[in-house]
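These are my notes from going through one structure, entry by entry. I wrote down what I looked up and what I found.

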Amino acid sequence: MLNFTKFERISPEKRDVLQRLKDYDEVYKVFGNSRAKEQSDRCMQCGDPYCHTGCPLGNFIPAWLKQTATKNPDLAFALSNETSPFPEILGRICPQDSLCEGACSLNTGHGAIAIGAVETHVSEDAFARGLKPKFSNNKKDGKIAIIGSGPAGISAATFLLRKGYQVEMFERADRAGGLMMYGIPGFKLDKSTIDRRMNWLIEAGMKLHLNCEIGKDKSAKDLENEFDSIFIGIGATASRYAGIEGENSSNVHLAMDLLTGIQKKNLGNKNSDFIDVKDKKVLVIGGGDTAMDCVRSSVREGASSVKCLYRRNEANMPGSKKEVVNAKEEGVEFVFNVSPKVIKTDGNIATGVELLTTSMSEPDDSGRQKVVINEGSEYLEEADIIIMALGFSPEAPAFLKELNVETNSWGGIEISKTFQTSNNKVYAGGDCERGAHLAVTAAADGRDAARAIMQILA
Amino acid sequence: MGCNLDLLTSFKDNCGFGLVADMQNRQSHKNLEDAITSLERMMHRGAVAADGKTGDGSGLLLSIPEYFMRKIATKEGVDLPETYGIAMIFAKDLSDIDTFEEFCESNDLKVVLRRTVPVDTDALGAQALASLPNIIQVFVVPNTLMSSKRFDAMLYLTRKECEHKLIDKKDFYIPTFSSKVIAYKGLIMPTHIKHFYVDLRDEDFKISFSLFHQRFSTNTLPQWKLAQPFRAIAHNGEINSVEANRFNVEIKSEQLKSEIFSDEEIERLLPILQVGSSDSASLDNMFEFMLANGVDFFKAARSLVPAPWQNAPHMDADLRAFYEYTATAMEAWDGPAAVSLTDGRHIGCLIDRNGLRPSKYVITKDDKLYITSEYGTLSLDEDNILERGRLQSGEMIALDLKHGKVLKEDDINDYLKSSQYYSKWLNEDMDYIQEYIEDSFLNTSDYILDDLEKKQKYFNITYEAIDQMIEPMANDGKEPVGSMGDDTPLACFSQVNRNFTDYFKQKFAQVTNPPIDPYREKVVMSLETGFGQIHNILSEQPEYAKRLKTTSPILMKEKFDILHSFGHPQSPRYDEYYKNKTFSTTFTTDLKASLVALSEKVVKAVKDEQVSVIILDDRNVGEKAKLIPMAMAVGYINHQLLKEEIRHSISIVTVTGEVYDPHMAAVLIAFGATAIYPYMMYATTVALFKRKDLSKYELQRLLKNTQKSVNAGLLKIMSKMGICTIASYRNSGLFDVIGLSDEITNDCFEGAYTDLAGLTYEDIEKKIEKSHINAFIDENCMFPLDLGGFYKYSNGGEYHDYGPATTKAMHNKNANKKEDISDFDSLKELVETRDKKFIRDFFEFNSDKDAIDLSSVESKDEIFKRFASAAMSCGSISPEAHEAVAQAMNTIGGSSNSGEGGEDAKRFGTLKNSKIKQIASGRFGVTPGYLRSAEELQIKIAQGAKPGEGGQLAGHKVTQLIATLRHTVAGVTLISPPPHHDIYSIEDLAQLIFDLKQINPLAKITVKLVSSIGVGTIAAGVAKAYADKIIISGGDGGTGAAPLTSLKHAGNAWEMGLSEAHNALKANHLREFVHVQTDGGLKTGMDVVKAAMLGAESYAFGTAALTLLGCKILRICHTNKCSVGVATQDETLRDHFEGTVERLISYFTFIAEDVRNILASLGYSTIEEIVGRSDLLKVIDDDFAKKFDFQNILRRIDGVDTCQKESNEPFDDNKYEKDLLKKVHRTIENPNSPVKVNTEISNLNRSFGALISGEIARYYGDKGLPENSININLKGIAGQSFGAFLSTGMNLNLAGAANDYVGKGMNGGKIIIKPTHQGQNFAGGGNTCLYGATGGKLYIRASVGERFAVRNSGCISVVEGTGDNPCEYMTGGIVVILGNTGINFGAGMTGGLSFVYDPEKGFVDKMNQELIEAVRIDTDDTERERLYLKRLLLDYLHETESNEADRILQNFRSEIRNFWMVKPKNMTVLPLDPDEGD
């Protein structure tokens, strides 16, 4: 260990741009054994492991780094999976630069440990050697329904099954995985990884009900009667609009519609809502990870040009930095410091966006810079297709009311410290409670809610 | 128990001592005069009160002055028969004398005279006068016809009975009651003893021998009865193992059979030890008891203070057999000891195995034997001297008065070994477990457990425990090292699963006794363990040799099985002597009742079934069975067995999962376990390496390593208390037990120190229940163990005060402006809301005043003066960090601390100069210039992270800069010994303080101690040794590297030690003489204010300062890989240092302002007003807080709360050298005019040369004056520390001899010592000469004592013989020895060279060959070395006119073959410059 002076930080190898533009396969290659060992060996095993505290799941990062470095892959696998429901997935999709790797003690001047890449390696390597996650054989009496099969739901199910509880999962879509299935493009996360996890849960005894929307296909009351506890992890699926003139035009789309359509196509599904961007000029409004997913998908769909419009400067982008780099490599053009004023239309067809330039104010006490609109700086960006990637809000479906689950002003479910809703049998976590956030925080919520449920059921 | 009030007035004592005897047993008054003169001239070794009269006590133990006593009796009309005895009695209440006389009558003794001893009270100080008892002599004669042997026995029995009867009369004491000796002693200065006791002035008062003693007690409440000598001994030193010895005396008392006394009389004699007496008095009681029962004088002496034999391969086999036989029932009374002893016929002196106390003898041609702590206490005619020598480690010398013969070590050994057939006895009856084993650690069947992981979880074997402790032990065979301090709560406050042994804090030696080095001085250490009964100690029988032995108390399956088979009836080896029975230590409900029931079962088995090996086994712990903590079980049963008086017949063997580090093992042994079979440690190791697919031999090595690590750790823990053998450590209870209820500590851990009485059996049971559920109910799924969080932070694990959140809060923002202090609000919030983690968190303010306006509170600049940085050496931290700390502290007006390891002279006199310079045991970089650059000189006795231990700076970290600062060569490993080799006792500390006050009279001398129960006693002693400031460091202090269990388990919270020290100083009226400082995890103004209220006047910050400079608490300092450039010497990493002086200043500003705000809110305007005001604190209103007893911490006794004196002036004003300084000052003013002075010197003139050297260094630094500028020619016997810290340009020529510490810390110049009697058989200097020397030359044409040239790093020296341990830890310089050397030569020697003349070819066996090798210099390629040696010898001859050098040089061609050159093995370039030799 402590070999950070000997080895430099190395990120996982990326596939060649020209190659990767041709398909939706993952861009990053998984670390091999020796690279994973070498990169893990850089870890200082700090007395204050900031990576561990910087991880929403509190993963035992230094522990499995050490076991990887000292060639105890089975132990690394066990340690990594103890706290995390699907480390190989989060290793791929977490914004590590703002979480564990951002907090890594070596991140100041030496280059953080490539934690995400090692994390993916640890589990993938174990799976390849035939290892599987463990679940309890001692079945317990408690029955828990999980609504939603996204990261929060899968996480809750995983930790409940580990202790032997009976779990049934309800998903309104045709496939499980939620945002991870339809929101995140395949070049970031291979869909088979989700199916693999779901299959293990089913093997462990979970019943999965697809195409089953609560309140429609199954009543909330039935659910409440049949189960001892219910966990709601339905995410934040309502997309936001910018609220500007012209956004109702037929060629102005929501990010999730674009991404879902493409994913369904890639999965070979029937796909009536597919948005074809081939040979078109695409403008994506927004600067988060979803915007990156849209621009990079558009490039792969053969758009003639793809531009990303963002209100702040590059340094203030909320999404993962490496995604911006990848997008640029793939030919996406970025327009920073612009704010959409109005969408120009020709009948029902949008033709472009009128933009105002912006600048950043001096940092305030909290260090945050505000956006200042430069009055009179209007100019036009032409477009054939405009994608709104402005974030998501909770949907607050009707069954919540039937279950007497209270929501707040913006539709988020209200919970106690122990993830209990106003109905003490019902728990909630993830985006439907906290608003659109990360898969890892949803996974943490799911896990901690599961522990709270088990406390009550035990 | 609970209330430690008595600790404030308890004491430890050390001293000067000796004896005078006429070898022909001729009685004379002159003998008495000589004894008194010797005593007077060692007055500096005792303590003197301000009135110049009250000392800590002194006295004489004399042969009965036959003529004088008969004269007195006749005068009183009594005609004394041939056989009579005299009692010397101190009694306030005269009716006690009646009681005494009644006992005499009942024992057939006729009282013929009661005499009031005439005294002159003018000789007494006020304190002594106030407590003066009646001093009465009672003369008795046999009432019936009885043999003189019987008569003596009756005297002893009478005294013991009377003592038992009057046990509550604190003022009744019988100094002696004997037909052979009589004591004249008391609270008198040696100079006044004759003045006080009128008898002693009578010329007719003639004696043939005298033991004498001058006491230095750590407290100021001396008592008449504490004065030495006792009835048979006078002791200089301290018995470190006394707690164990006392316990063991009780065990031995269970079955005594005496030839002198009947069983009934023995009952009347018991207990052997007087309650409440000192360690020395207990030793005296035991020795006297043995003598009274007819045990041979020499056997009694050597069984109590044996020479090291277990690991002394060259010892004569028969002698070894004597010791091995004796050890079956007797364990060493271990610790620094020079003991003079007598039974009336023999008189002698012996010294401990480590040679830690000086004992010097002179034999004269007119048949006198003088033994004293120092040479030169009597002005003897040099021509009359036959022999001048000293006792070496473990040696004894005696005089047989009957035959007028001196018995030296060899004579005594010959007598001992041939007195019985010890070898034969041992051959017949002693069994060694090892002999029945093919090989150990190959059978792992016991270590494969089905429910291993559950058990690991239950025994708190977390991922971290494996990763941080067990795995490194298995891999490396030693305990792992960590860094930074312990920032976790005490176990009793913790909310997480902690080990039961976490309630125990290791005791360690500081000041009054030295720790020892278990690695470099291995020869004295032993873990040898035996099973079997303790026999009658009063007789020697062949069958007493029966013993089953093993080399370590840590067993493995193979040895355990053998042990078990010896005691198991079905086994062919069965021997009922070792009959065993196994008891499970698990329970289901009710811990207390289960403990009692278990103990009853054990007692019953011992009584009814004659079981002698008790096996306590926790292996059946499981879902239903919970665990009685093994320490609890062992401690409880041990005490019950003693109560039942059957402890002597049993051995307690524990089979436990609770031991997987050395600390855990030490706790069990200290409370009575004979041996430990730590199966979970082995099981964990096997499981850990199972997946590696190792061969069984590789696995064997790993398992062996774990045992080896625990063994080494045990040695380390024992050596911390200065204890060498496990037998003397067993039953010692040498722990502070923190936070357990009085009930538990009384039941299980009686004898140990305790504080914060709190958790009850029920509380402990609840904790056990919780961990039981965690292990057996709450299973993890993927990774079955808990993660841990004890050593390093982990979510959900133990609380860490420097956890990520706190550290981040301290790093919060890049505030560069001093005014910008709002920055630390989140830190303040975190610290103040951490909720009952540390003792201070349990207190809230309770002011008696209304708040005042902030503007009327003293300024922050006033407060800054009270701030210091904690000692951190340049070496442990980078030069950048070191300088930033210094600059910040100097800017605000606080003080920075150089730490151990020198400081770049370029920084002296600048803003980067550290005001505090540290003097630590390695003496690295301690030069005259360094000492003069300081305003405060801090003697580091102990360090919070690893009190009682030394340190090591690995060669690869010794960069050029570090090497220069520490006066060594880059790449050389630097070792700091555990003790200061010039401080083995309190009078030694007084001497070092005196040295430092000479070299730098302007500096304050501070002594850094570590919090431990009993530190108050030490603090009082330190104040009496004339320190100006005392630091009480918390056990949580940081470090660059320390063994993990030391970091975690040694040293208490500062709150405890501070309060105790403050109150003890007050109780002894010493608080006004010294300033008190504390450190340990202080972070905010609240911490500072609470520290002030508990008695601290100033405050030091270590880790906090580093954190502000960018430290992220990575805890990797020891790896040299600090990624932020704070604690590393790596050039590349140092580039990452981003700390700023401003940032540090902003932090201290925050603290000072925080303090001001709190003061204002409390209504006080200065810190001074609240120092010691513990009444301004109260315990918070909280249920958890109510569990604990904080009275010892919140105690406030009457008296002055702060230091009132500018300086704590020594009794000795050193006028002698002050006068000389005036004479030579012209040369210091004008370096080009050399001066020569001729004068006489005596042993009263101590630290000679330091004052002048200091004056030189004041102006010229280490450069000094031109060579040979000041030449001082002296005649006589010089006092201690002759030539200490000598500066370049000073030459000291002494015609005579010198005492201990010659050339200590010398940096330049020359010391030439020419005794009249030259050569290896005469002494020219004492112990520990050249300690920490950095340059200059020392030539002595005679031999020197123990530990010559320890830590020498630059001096060139020639002597003609040395004692044991020469050249230890040497890193530079050259030492030539033209005669015999002692054993353990060059232990830890990593640099420098030595030439040893060895015509007898015995030298190589005396080397400690771990690091050094000896090579011949008579080959072609050693020409340079030969030439060098020759030139050096020529120079030596020229300076000393040594006959030996002359002879060798005459025959140099042939003699060269008799020289060895000794060098560190890995040294390739020899530091020889032939030009230096002439």
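**Entry: a glycine in a loop.** I began with Gly77(B), which sits in the loop between α2 (66-75) and β3 (85-91) of chain B. The model I am reading is predicted. I looked up the accessibility of Gly77(B) and found 66%, so this residue counts as exposed. I then took the distance from Gly77(B) to Leu155(B): they are 78 residues apart in sequence, and their C-alpha atoms are 23 Å apart in space.

**Entry: cysteines.** How many disulfides does a search of the whole structure find? I got 0 over all chains. I checked Cys100(A), which is in no disulfide; the nearest cysteine sulfur belongs to Cys55(A) and is 6.3 Å away. A disulfide needs the two sulfur atoms within 2.5 Å, so a pair at that distance does not qualify. Cys100(A) is buried, with a relative accessible area of 8%. I did the same for Cys1117(B), and this cysteine is in no disulfide either; its nearest cysteine sulfur is that of Cys1111(B), 6.5 Å away. Cys1117(B) has 14% relative accessibility and counts as buried.

**Entry: a charged patch.** On the surface I found a patch of positive charge made by Lys71(A), Lys690(B), Arg691(B) and Lys692(B). I followed up one of them, Arg691(B), and placed it in the loop between α20 (679-690) and α21 (696-720) of chain B. Is Arg691(B) buried, partly exposed or exposed? I noted 38% relative accessibility for Arg691(B), which means partly exposed.

**Entry: backbone exceptions.** Before listing these, I reminded myself that most residues other than glycine have a negative phi, and that most peptide bonds are trans. I looked up cis bonds next. The peptide bond from Gln228(B) to Pro229(B) is cis, with omega near 0 degrees. I located Pro229(B) in the loop between β8 (209-217) and β9 (233-237) of chain B. The peptide bond from Leu270(B) to Pro271(B) is also cis, and its omega is near -5 degrees. Pro271(B) belongs to the loop between α8 (263-269) and α9 (279-292) of chain B.

I then turned to positive phi. Phe441(B) is not a glycine, yet I read a phi of about 65 degrees for this residue. Phe441(B) is in the loop between β17 (430-432) and α14 (452-458) of chain B, and its 1% relative accessibility makes it buried. Val511(B), again not a glycine, has a positive phi of about 70 degrees. I found Val511(B) in the loop between β19 (504-506) and β20 (529-531) of chain B. With 3% relative accessibility, Val511(B) counts as buried.

**Entry: salt bridges.** Side chains of opposite charge can pair when their charged atoms come close. I counted 141 salt bridges over all chains and looked up a few.

In chain A, I noted the bridge between Arg129(A) and Asp125(A), at 3.3 Å from N to O. Arg129(A) is partly exposed at 39% relative accessibility, whereas Asp125(A) is buried at 15%.

I also noted the salt bridge of Lys221(A) with Glu224(A), whose closest N and O atoms are 3.0 Å apart. How many residues separate Lys221(A) and Glu224(A) in helix α12? They are 3 residues apart in this helix (residues 220-226) of chain A, so about one helical turn separates them. Lys221(A) counts as partly exposed at 42% relative accessibility, and Glu224(A) as buried at 16%.

In chain B, I looked up Arg231(B), which forms a salt bridge with Glu163(B); the closest N and O atoms are 3.1 Å apart. This pair links distant parts of the chain, 68 residues apart: Arg231(B) is in the loop between β8 and β9, and Glu163(B) is in helix α5 (residues 148-165). I found both partners buried: Arg231(B) has 6% relative accessibility, and Glu163(B) has a relative accessible area of 9%.

**Entry: a network.** Last, I noted salt bridges that share partners. They join Lys14(A), Arg20(A), Arg296(A), Arg300(A), Glu323(A), Glu329(A) and Glu330(A) into one network.

Technical notes. Residues numbered from 1 in each chain as written. Chains lettered and ligands numbered in written order. Predicted model: local features only at pLDDT ≥ 70, side-chain atom pairs only at ≥ 80, totals over all residues. Heavy atoms only, no water. Buried < 20%, exposed > 50% of the residue type's maximum accessible area, 1.4 Å probe, protein only. Patch = residues over 30% accessible without salt bridge, like charges linked within 9 Å, V, L, I, M, F, W, Y side chains within 5 Å. Areas by Shrake-Rupley, 256 points an atom, 1.4 Å probe, with all protein chains shown as cover. Salt bridge = Lys/Arg side-chain N within 4 Å of Asp/Glu carboxyl O. Lys, Arg positive; Asp, Glu negative; His and termini not counted. Charge placed at Lys NZ, Arg CZ, Asp CG, Glu CD. Helix = DSSP H or I, 4+ residues; strand = E, 2+ residues; numbered from the N terminus.
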